[in-house]
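Trainee: I've got a new protein to look at and I'm not sure where to start. Can we go through it together?

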Amino acid sequence: MTEKATVSDAFVQADQQILIQMPSGNVKVVQVKPNSTVSLGKFGSFNANDLIGKPFGLPYEIYGEKNELRPAKHAAKNINVEETDANNQLIIDDTTVQKLTQEEVLKLKEEGLKGALDSEEIINKMIASHAEFDKKTEFSKAKYIERKKKKFMKLFTPIRPTLFSITEYFFNKNPEKIKHLRIDTLSQLLSISNVHPNSKMLVVDDTQGLIVSAMLERMGGYGQLVAVHEGDFHNYDILRYMNFSKDILDTLYTVPAAFVDPELPNDPFEILTDEQFEALGKDAQRSYTRRKNNYDYRTKSRQLLFDGNFDGLVISSNCSPESIIKELMKYVNGSRPVVVYSFSKEVLLQATYWMRRSRDFINADITESFLRQYQVLPGRMHPNMNMSAGGGYLLSAIRVIDCPFDITLVKRDDSNNRRHKKKK
C-alpha cells in the first residue's frame, strides 16, 4: 500500500517547498518560511504567514497597501464566448489605437503595485481608451482581456509539489537538468519497471533525482531503493522539492559507484566503547555520533546491494548502458525488468544489440512515447501550437537466469512402462 494523503497535504505548510503560478503562466519555486516576504516581481509581494494554512490550487490576489491576500477568480479562467459573424478585417492594429500614453500606463502600473488602484479598474481604463475594441470579434475581445489580466492583475496560485507538477516545471524551465525526461516517458518508465510498494529496486540516476523521487513516491515508504551514484555524494536535488516524509526518505540507500566492487573494503572507522564515548566532550560526542551514523548507513547500503534479490533495475546515466548493466545485472532476480532511459536513441542501440545476443535477457526493445497537448475551450479546441518534439527513449528487457538442464530432476512415470509391459 502507498502512503495515504492526509488533510494537511491540501494546505500550505511552514518551511515547505511549493510552486507558485503567476497570471503570465510562469511558475516559481518558493520555500514558505514564516515571518518572511515572498516576492513575485512585477506581480507584487506578500507575507508568507498569510499563505500558511491556505489550501493549494486556489487563486489569491494581492491587494491594499499592506499587500494582504484574498481569494479571487483565476486570471486564465475563460467565460463562454458566443461566435458571431464579425471579423477583424477593418481593425487597425498599431500603437495609435490606444489613447493612453506610455507614461500614463506606467503610472497606472505604479498605482496598482502600491494598492491605490484596483487591477480591474486598470483593465477597464485600458479597454475604454482602446479605439478599436468595439470592432473586435468576441473571441478577440476575450483574448485581449485575458492578456491584460495576465499583465496587470496581482494574482498567483499555490500549487502542491507532485511528481507531475515538478516534472512539468523542470521540463519547461530547465530540461537539461532532468535529461529532457518528459512526464509521459517517466510514467512509462515506472510502469515498465514495475515499481510498487514493498519492492526492492536498484537505480542509477543522473536526472538530479527525478527518477529516484518518482520511485520513492510510487513505493510510498514501503520497500528499499538502492541508488548508485557518481562521486562521493549524490546530487539528488529534486528530492528537496517533493517534501517527502522521513518514512519515505528512510527507504533510500545510496552507494557511490566507486564502492560497487564487493572486494573493496569499507572505509576504516574506529568504533568506541561506552566508556570511551562517555569520556568525550559534548561536541566530540555529537561529531562521533554523526560519523558513526554515516558509517552505519554506508555499510548497510553496500550490504543491501551485495545481497542482491532486486525486483528491477532502472538506469539513466551518461556512462555506457551496456557497461552498467554488465556490472549490476548479477544483483537482479530472474524474470525482473531492466529499463534504461536516454534522450538519444543512438546511445541505446549498442546495448540493445548486446542484450538481444545475450542469454541473460529476453524481449529487449526500444520504445518512444508520444504526447500531444490540446487547448480545450468553448468553441476553441485544437492542439497547442508549441509542443515538445520528443521526451526520450526507453530500452526495456527481462532478466533471465539460465539454469543448466539436470536429468536427475526429471520425474519418470513408471506407470506407462508397466502398462507397456502388460500389453506385451
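Mentor: Sure, and let's begin with a term: a residue is buried when its relative accessible area is under 20%, and exposed when that is over 50%. Keep in mind that this is a predicted model.

Trainee: Okay, so what percentage of the residues in the protein are buried?

Mentor: The protein has 424 residues. Taking the buried ones as a share of those, you get 41%.

Trainee: Is Leu19 buried or exposed?

Mentor: Leu19 sits in strand β1, which covers residues 16-21. Its relative accessibility is 2%, and the cut-off for buried is under 20%, so Leu19 is buried.

Trainee: How far apart in space are Leu19 and Ser165, C-alpha to C-alpha?

Mentor: Along the sequence, 146 residues separate the pair. Leaving out residues up to four places away in sequence, Leu19 touches several others, including Val27, Ile159, Ser165 and Tyr169. From C-alpha to C-alpha, the gap between Leu19 and Ser165 is 8.2 Å.

Trainee: Now the helices: is α4 parallel, perpendicular or oblique to α5?

Mentor: Two packed helices are described by the angle between their axes and the distance between the axes. For α4 (residues 163-173) and α5 (residues 183-192), the axes are 10 Å apart and the angle is about 135°. Roughly perpendicular runs from 65 to 115 degrees and roughly antiparallel starts over 145, so α4 counts as oblique.

Trainee: And how many residues of the contact of α4 with α5 are nonpolar?

Mentor: On the α4 side are Leu163, Phe164, Thr167 and Glu168, and they meet Ile183, Leu186 and Leu190 of α5. Set aside 1 polar and 1 charged residue, and the nonpolar ones number 5.

How values were computed:
Residues numbered from 1 in each chain as written. Predicted model: local features only at pLDDT ≥ 70, side-chain atom pairs only at ≥ 80, totals over all residues. Heavy atoms only, no water. Axes fitted to C-alpha atoms, helices over the stretch in contact; angles between N-to-C directions. Helix = DSSP H or I, 4+ residues; strand = E, 2+ residues; numbered from the N terminus. Parallel < 35°, antiparallel > 145°, perpendicular 65-115°, else oblique. Contact = heavy atoms within 4.5 Å. Nonpolar A, V, L, I, M, F, W, Y, C, P; charged D, E, K, R; others polar. Buried < 20%, exposed > 50% of the residue type's maximum accessible area, 1.4 Å probe, protein only.
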